[in-house]
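The following exercises concern the structure shown below. Each task is followed by a solution that proceeds step by step.

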Number of protein chains: 2
Amino acid sequence: MKTSLPSRTMPRNASPLDPSDWEDLRRHLHAAADHLLDHVRDHRQGPVWQEMPQQFADELLDPITRHGAGTGRAWELLRERILPFGVGNLHPRFMGWVHGAGTAGGLLASLAEAAVNANVGGRNTGALRVERAVIDWARDLFGFPVGASGILTSGTSMATIVGLAAARNAHADWDVEEEGLGSEGARFRLYASEATHGCIHKALRLLGFGRRALRTVPTDGQGRMRLDQLDRIVREDRDQGLRPWAVVGNAGTVNRGAVDDLDGIADVAADHGLWFHVDGAFGALLRLSPRYRHRVAGIERADSLAFDFHKWLHVTYDCGCVLVRDRDAHVGAFQGRPDYLEGHEAGLAAGEPWPCDYGPELSRGFRALRVWFLLVEHGTDALAEAIDNSVDRASHLAARVDEEPALERIDPVELNVVCFRVLPEDGEDGDELNRVIVTELQRRGIAAPSTTRLGPHLFIRCCLMNHRTTRDDADATVDGVLHILRGLRR
Amino acid sequence: MKTSLPSRTMPRNASPLDPSDWEDLRRHLHAAADHLLDHVRDHRQGPVWQEMPQQFADELLDPITRHGAGTGRAWELLRERILPFGVGNLHPRFMGWVHGAGTAGGLLASLAEAAVNANVGGRNTGALRVERAVIDWARDLFGFPVGASGILTSGTSMATIVGLAAARNAHADWDVEEEGLGSEGARFRLYASEATHGCIHKALRLLGFGRRALRTVPTDGQGRMRLDQLDRIVREDRDQGLRPWAVVGNAGTVNRGAVDDLDGIADVAADHGLWFHVDGAFGALLRLSPRYRHRVAGIERADSLAFDFHKWLHVTYDCGCVLVRDRDAHVGAFQGRPDYLEGHEAGLAAGEPWPCDYGPELSRGFRALRVWFLLVEHGTDALAEAIDNSVDRASHLAARVDEEPALERIDPVELNVVCFRVLPEDGEDGDELNRVIVTELQRRGIAAPSTTRLGPHLFIRCCLMNHRTTRDDADATVDGVLHILRGLRR
């Protein structure tokens, strides 16, 4: 059993940062809990989004003084001057970019995360065990082998960096961790479709390869990588003395929700000895849905898989994940600890391997608790249902758009992303028209789609992801577009 | 004013993830708030650390089922099977590694962060404004110019990667973002003292330079970089056709709390055209203390500064920061957005520049709220007092160690880190003896120092950082060491 040595004298309030009155702080915490839960519950009643007034922004630092405003005043300022001006992603008519909506239970999980206040970089702690369990759960979900490794990240961008760092370590036939990339590294080439997310570019830049290491593969009419083109370009590069290194498959492209033929890419990757990385930021989680699971067939053959828990699983921001089939390559890219981090066989310095051996971070929070809590609380059926609902709402929205002669839609809608635009009339600038309509939808708080460019035109892009979104919300968004259009043309 | 289109029909419970009974969830949230606040308040009464039983670890995934256990059961499991097994850093006798202790008010801030649930990668939101305000506050604290840029990160490891990516962009006389490092990049050299943290190695590896890009500079008897040696090595490298690129100054080395002569390094950096990066993970925040501010003089001359809010400022994990003097180099290393992230002049897609232009992440949480809340709540005097107290407790601990003939201490104690060891008697293995004592201190829950290697020996390393630590806690730790030693020698 544990013993704890009593202090010889215990000052009543030894710390300048502990509350002088714990019960006063408790009252504020309960008041905040009530207000914040209402904030989540009643979000639908308010505008999707509203801009923080410039004055509020300008005055944010004013209450920071030498003497401290106290918990009550700090909460009051937060409640009145910050809370109302979020991103909008809790609202069922938020359809911009790719954002999860969070859950009410997520409040409780985050509160507990703060109380544990763990640095999950390493050490023998329950927090580390929870993260390992979450990784095991993900590994099993995606059909990765038991020996595979993984780590939680802030999101798919960081997960991609980790996955490609492991790929670099695996592919280099010299000690790249010691020697760096050098002139040989300049010959590495990575293949990804033209619909691939910008995080691939950013990862290549950070890792020292530069943008030019990316070879873009054309897509077919549905936004999927053309495998014949992939094969051709890889052969071409090899003939020119370059080093074909890795290929990225998309499980859900950001613009259209297209899913590449992952099994087909895995075959080409095997033929050419390429590392197969899957960007599954949101689409990977179709694995949870018995209805749509087949759409990401082949994902289990990836060498590395990057995806987000905070998108289609609605874990509170931020929380992504990377799985790596080859644990040695993964550890090889990151391990190497100084003396003061030496592991021990027992005690707090045990518990190897540590997360800091699987990623660039030594300081990292306990986001695993949020994933664990959500999975335990809701179970996988409800999570799959939320995903299925999104796909259903997208089909409904697409059908509604097709009824409107003023609107043009990109076909097909493969998953949960619908792109359409108002057709310009004579003399109208179509891009400007659609941009103004989206901005007005946001400013009036009606709905919050985003925009994107597909071919020559700017499109209104609706990504259906919020678990609260109904078919009526989809209809109301189209109604909003038409309402604003009529106003503009009047 | 905003308008919000009413839904034509509103299903009673449209979402499979919203609670079927909000009041039931509210009760659990309040119960958790009470329990978790007590957990923080009463931490001193329990053991510093206890290991999660293997059975609990093995059973973590068992409650994840298809149907969901519900909020109440999930909370019960969290409370009983995870919460007691933290890192120990809330406890006043936790002295391992470099960990902040968090605050009670941090619970409220994290709860609010979860309710906002913002992705602060970009977009025109209050969350982004708060982060910008926090960066402005840090910029002013450290005497950086108004044009400097910055971003919050998970910690100093990530902040270092961002800072050195900016340094790479600034120093390369070719388009390194497009072309990558190539053979010219293989000639870059970075200088850092032998006491420098392992995150520098990890950053150089990730960025493609490899470990060999680091040239180690010897330290003096107090663990500070020898400037004559720095100057000599840089000249030597230049003569050999290498490219001296950057130098790292330490504001608080991890092993001993040594602070390099930052002004002196800045002079050498200016002479040789080096980028001057400061690793101020914990020591940078001495800037807040009127008593110890002079110890980090010269920090305002850094080209990039990495530090943590979750260490000596006790912001809830995780939260670090990087400031960069040359905004163009910073943006140059990261900017470049795809079409679907196109910024607009108004609405939700306005608000440029976006944080995703200043770092590798597109998904990133709202940690800025925790910093803002703490600064408003406590004010800077109380934060400085907590820092001063740590230095005071360390002096006290050092004096107490010096009274014990069985113990040997490394001198001087510059800040808040005390390293000492039990002197082995004939036939004892000194390293093993000290390792066992530290493990036993942790296992019995008495105190939690860590270990490190200084010269040939393993030392017990006490990093005094917790704002709750008293002089009595320092005494109790030494008493604990001697108590265990007596037991071992009996």
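Helices (H or I, at least four residues) and strands (E, at least two) are DSSP runs, numbered from the N terminus. This is a predicted model, in which local features need pLDDT of at least 70 and side-chain atom pairs count only at pLDDT 80 or more, while totals for chains, interfaces and linings use all residues. Residues are numbered from 1 along each chain as its sequence is written, and chains are lettered from A and ligands numbered from 1 in the order in which they are written.

**Exercise 1. Backbone geometry in loops**

Locate B:Asn117 and state whether it is buried or exposed.

Solution. B:Asn117 lies in the loop between helix 4 (105-116) and helix 5 (126-141) of chain B. Its phi is near 50°, a positive value in a residue other than glycine. A residue is buried if 20 or more other C-beta atoms lie within 10 Å of its own, exposed if 12 or fewer, and partly exposed in between, with C-beta atoms placed from the backbone. B:Asn117 has 28 other C-beta atoms within 10 Å and is therefore buried.

Apply the same steps to A:Trp97.

Solution. A:Trp97 belongs to the loop between strand 1 (94-95) and helix 4 (105-116) of chain A. Phi is positive here too, near 45°. The count for A:Trp97 is 25 C-beta neighbours inside 10 Å, so this residue is buried.

Identify the peptide bond between A:Asp411 and A:Pro412.

Solution. The bond is cis, with omega about -10°. A:Pro412 sits in the loop between strand 9 (407-409) and strand 10 (417-422) of chain A.

**Exercise 2. An enclosed helix**

Determine how many residues of helix 9 (residues 199-206) of chain A are buried.

Solution. The buried residues include A:Cys199, A:His201, A:Lys202 and A:Arg205. The count is 8 of the 8 residues, so helix 9 of chain A is largely enclosed by the rest of the structure. Just after helix 9 of chain A, A:Gly208 takes a positive phi of about 95°.

**Exercise 3. Helix packing within and between chains**

Classify the packing of helix 6 (residues 156-171) and helix 12 (residues 327-334) of chain B.

Solution. Two packed helices are described by the angle between their axes and the distance between the axes. Axes are lines fitted to C-alpha atoms, for helices over the stretch in contact, and angles run from 0 to 180 degrees between N-to-C directions. For helix 6 and helix 12 of chain B, the axes come within 8 Å and cross at roughly 100°. Angles under 35 degrees count as roughly parallel, over 145 as roughly antiparallel, 65 to 115 as roughly perpendicular and the rest as oblique. Helix 6 and helix 12 of chain B are therefore roughly perpendicular to each other.

Classify helix 1 (residues 22-41) of chain A against helix 4 of chain B.

Solution. These axes come within 10 Å and cross at roughly 5°. Helix 1 of chain A is therefore roughly parallel to helix 4 of chain B.

**Exercise 4. The two copies**

Establish how chain B is related to chain A.

Solution. Copies are superposed by least squares on the C-alpha atoms of residues with pLDDT of at least 70 in both. A turn of 180° and a shift of 0.0 Å along the axis lay chain B on chain A with an RMSD of 0.0 Å. The two copies are thus related as by a two-fold rotation axis. Two residues are in contact if their C-beta atoms, placed from the backbone, lie within 7 Å. The same surface serves both copies, since 99% of the contact residues of chain B recur in chain A.
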